[in-house]
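Colleague: I am new to this structure and would love a close look at how its helices pack. Could you walk me through it in one go?

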Amino acid sequence: MSPVTLPEALAAAAGGGGGYEFLDERGEPASSLPFSRLLDEALAVAGGLRDAGLQPGETVALIVPEPRDFLTTFLGASCAGLVPAPLYPPVRLDQFEAYLRQTMPAVTISRAAAVVTTTPLRRVLGAFQSNVPTVRSVVAIEKLAGTPLDEVAPVGLDDPVFLQFTSGSTSDPKGVVLTHRNLAANVTAIAGPDGLRLEAADRGVSWLPLFHDMGLIGMALTVLYAGTWTEFLSPLAFLKRPAVWLKAITRTRGTISFAPNFAYDLCTRRVTPREMAELDLSRWRVAGCGAEPVRAETLAQFAKKFADAGFRAEAFLPCYGMAEHTLAVTFPPLWREPRVDVVDAGQLSTAHRAVTPVNGQSMRAELVSCGRPFPGHEVRVADSKGHQLPERHVGQILLKGPSVFRGYLNRDDLTRGALAGGWLHSGDLGYLADGELYICGRVKDTIIVNGRNYYPQDLEQAAGDVADVRRGRAVAFGTQAGGGREQIVVVVEPAQAPAADDLADRVRGRIAEATGVLVDEVVVVPTGSIPKTTSGKLQRSRVKQRYEAGVLHHPRDVTSRVRLVGHVMRTQLVYARAHAAKMLKGWKGKGR
Amino acid sequence: MTPLEADQVGRDVLGVVRRLCRRPVDVVAHSKLQADLGFDSLQTLELVAALEDEFGVTVPLERMPQIQTVGEAAACVRSLLAENARP
């Protein structure tokens with residue numbers, strides 16, 4: 001099958017049977033949007049955007065919280081030949097100044113011709129027009145009026161399809177430019193014979209936010225190209241009551257659902273026996289796990305707990321991906337229990353080799369296979385000079401193929417570095433074994449002391465073994481801020497305040513015991529001091545920056561904790577408020 | 001603000017918060033869930049779900065931003081119970 005553009009895929013899907021269904025807070029169907037109707041709505045939005053003066057090829061920033069509105073606007077912009085750049089909606093309407101400050105750099109670098117948003121948000125987002133020279137208007141989707149386009153705009157496969165602003169620094173955002181060809185290559189690989197093998201009978205179920213690549217590309221756009229159905233659940237509903245996700249899978253007979261590692265942990269911990277009794281997960285054939293490091297223990301505990309509900313460990317699909325590679329990089333074979341490689345932890349850090357532990361005394365590390373690259377795509381592991389390494393040698397993961405992005409928007413300097421030598425430099429460390437990829441950490445996070453490499457994850461996991469350390473709130477990094485050799489610093493949050501006096505000593509002891517590493521300093525910080533990225537990875541560099549700047553202990557330094565969770569919640573709260581405002585307006589109207 | 005011990009709802013809300021709170025601190029009506037009691041955003045949602053189970057109510061999404069303190073959680077539950085009692 002030859003690749004098609006996103007508008008062409010939508011037009012083709014409109015003739016088939018798939019679509020999107022939106023579930024309410026309890027996981028019951030609230031509204032349904034077959035692709036045939038989605039095309040009509042998108043063409044109406046496209047006509048409105050054209051009449052608002054937007055020309056094909058121009059970029060529009062999208063700040064639309066509600067999933068249904070977001071999808072029709074995103075696809076409407078695409079049908080008009082525009083390049084949408086989805087951005088996270090504001091935290092709270094009463095804190096919009098901070099939001100404007102944080103979002104301004106992304107809007108500026110995107111050179112957006114317009115900001116497309118909702119009526120309630122438009123009131124606070126007007127500042128984009130006066131502060132960003134390229135922005136000619138801030139458009140409210142409810143006010144879009146015009147003649148619907150007769151057909152989707154002609155765009156080329158090598159034209160940009162949308163911009164993704166990846167997690168990380170807000171002051172220096174990096175816009176990932178994907179082409180229609182990238183998107184088509186990746187989603188057809190995901191859905192195809194070496195991927196999910198999607199069929200008409202499949203049902204996707206997703207609570208992932210659509211401002212996140214796994215939610216947008218993985219759950220929304222893949223089914224658009226494949227012509228199947230996906231159910232969307234509010235992220236907030238899932239976070240409030242994790243069982244709602246599993247109930248939605250039960251009720252809709254869901255077969256495909258992806259989530260980060262933490263979501264599986266949350267279900268293991270929070271789903272009650274009474275909720276368990278209502279679950280039937282026997283049709284769930286692909287339980288994807290990605291967007292953050294996959295832990296063998298998490299998968300094992302989830303599989304054990306939900307076996308009674310018909311869940312099978314063979315359904316797990318631990319995978320690896322990144323925004324610069326559109327989304328997915330590797331998948332393991334379908335319906336195979338997660339493959340766990342038990343290796344010598346010492347050899348992994350000192351010799352950068354993944355070898356079988358020689359005896360019972362050596363420290364072990366358990367890594368989960370993320371599978372193999374898709375046909376037409378290549379994965380290679382290379383040393384710091386770019387030379388390919390043999391199997392079971394740890395190096396940087398390099399990628400090649402039709403899913404590799406075109407570059408960072410208006411940042412040729414960064415693009416040249418990322419695509420040096422014709423390979424995408426992932427910045428992730430890993431190794432191949434029997435052709436399957438195992439992820440060990442990030443290149444820039446690696447701690448090097450006396451020529452030895454340490455993976456911060458290992459130290460963090462050991463720190464997390466100490467009962468008084470808050471789950472998932474341990475960050476390790478190396479620093480030369482004090483001059484001299486690199487110092488290893490571990491920052492932890494206590495499970496409860498005040499922290500026990502000997503907490504730092506116990507963390508240091510446990511890390512030495514588990515990894516053989518002597519940590520130079522353990523810093524115990526107040527709850528909420530450790531931020532995460534949108535994909536859930538601990539933001540080591542930010543903690544390190546704060547440590548080096550000497551502001552780590554400052555109680556006012558508390559920003560986001562779990563950024564994915566935080567953004568999801570805030571986004572949904574804004575949506576809820578907007579909804580409440582709408583209802584209130586309607587009520588007032590009736591009263592008159 | 002109504003003292004939490006003044007009615008059964010307040011006492012029950014207090015019980016739920018104490019059960020979920022991991023800090024050894026006194027829980028009072030004006031205790032802030034996040035700053036004083038150490039709840040993170042996920043635990044705050046866990047508390048809302050626990051209150052729903054305890055009182056048989058559903059806290060609508062738009063009410064959640066109003067729940068920052070223990071007293072506000074109790075007030076929210078009281079008003080939801082009152083709304084349910086109305087014919």
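Modeller: Happy to! Let us begin with a question about the whole chain: what share of the contacts in chain A with a separation of 6 or more comes from residues 24 or more positions apart? The share is 71%. Please keep in mind that this is a predicted model. Chain A has 592 residues, and 58% of them are buried. Its secondary structure consists of 19 helices and 28 strands. The chain exposes about 23,800 Å², with carbon and sulfur atoms supplying 50% of that area.

Now to the helix packing you asked about. Find helix α16 of chain A, residues 456-465, and helix α17 of chain A, residues 503-515. Their axes are 8 Å apart, and the two helices pack at an angle of about 125°. Angles of 65 to 115 degrees count as roughly perpendicular and those over 145 as roughly antiparallel, with the rest of that upper range called oblique, so α16(A) is oblique to α17(A). The crossing between α16(A) and α17(A) is right-handed. On the α16(A) side, the contact is made by D458(A), L459(A), A462(A), A463(A) and D465(A). Facing them from α17(A) are V507(A), R510(A), I511(A), A514(A) and T515(A). Sorted by class, the residues of this contact are six nonpolar, one polar and three charged.

A second pair makes a helpful companion. Helix α1 of chain A covers residues 6-13, and helix α8 of chain A covers residues 213-226. The axes of these helices come within 8 Å and cross at roughly 60°, and α1(A) and α8(A) are therefore oblique to each other. Here the crossing is left-handed. From α1(A), the residues making the contact are L6(A), A9(A), L10(A) and A13(A), while α8(A) brings L221(A), L224(A) and Y225(A). What classes do these residues fall into? Seven are nonpolar, and there are no polar and no charged residues in the contact of α1(A) with α8(A).

While you are looking at helices, two loops that follow them deserve a glance. R253(A) sits in the loop between α10 (243-252) and β11 (256-259) of chain A. R253(A) is not a glycine, yet its phi is positive, at about 55°. H352(A) is found in the loop between α14 (345-350) and β17 (364-368) of chain A. The phi of H352(A) is also positive, near 55°, in a residue other than glycine. With a relative accessible area of 25%, H352(A) is partly exposed.

How values were computed: Residues numbered from 1 in each chain as written. Chains lettered and ligands numbered in written order. Predicted model: local features only at pLDDT ≥ 70, side-chain atom pairs only at ≥ 80, totals over all residues. Heavy atoms only, no water. Helix = DSSP H or I, 4+ residues; strand = E, 2+ residues; numbered from the N terminus. Buried < 20%, exposed > 50% of the residue type's maximum accessible area, 1.4 Å probe, protein only. Contact = heavy atoms within 4.5 Å. Areas by Shrake-Rupley, 256 points an atom, 1.4 Å probe, with all protein chains shown as cover. Axes fitted to C-alpha atoms, helices over the stretch in contact; angles between N-to-C directions. Parallel < 35°, antiparallel > 145°, perpendicular 65-115°, else oblique. Left-handed = near helix turned anticlockwise from the far one by under 90°. Nonpolar A, V, L, I, M, F, W, Y, C, P; charged D, E, K, R; others polar.
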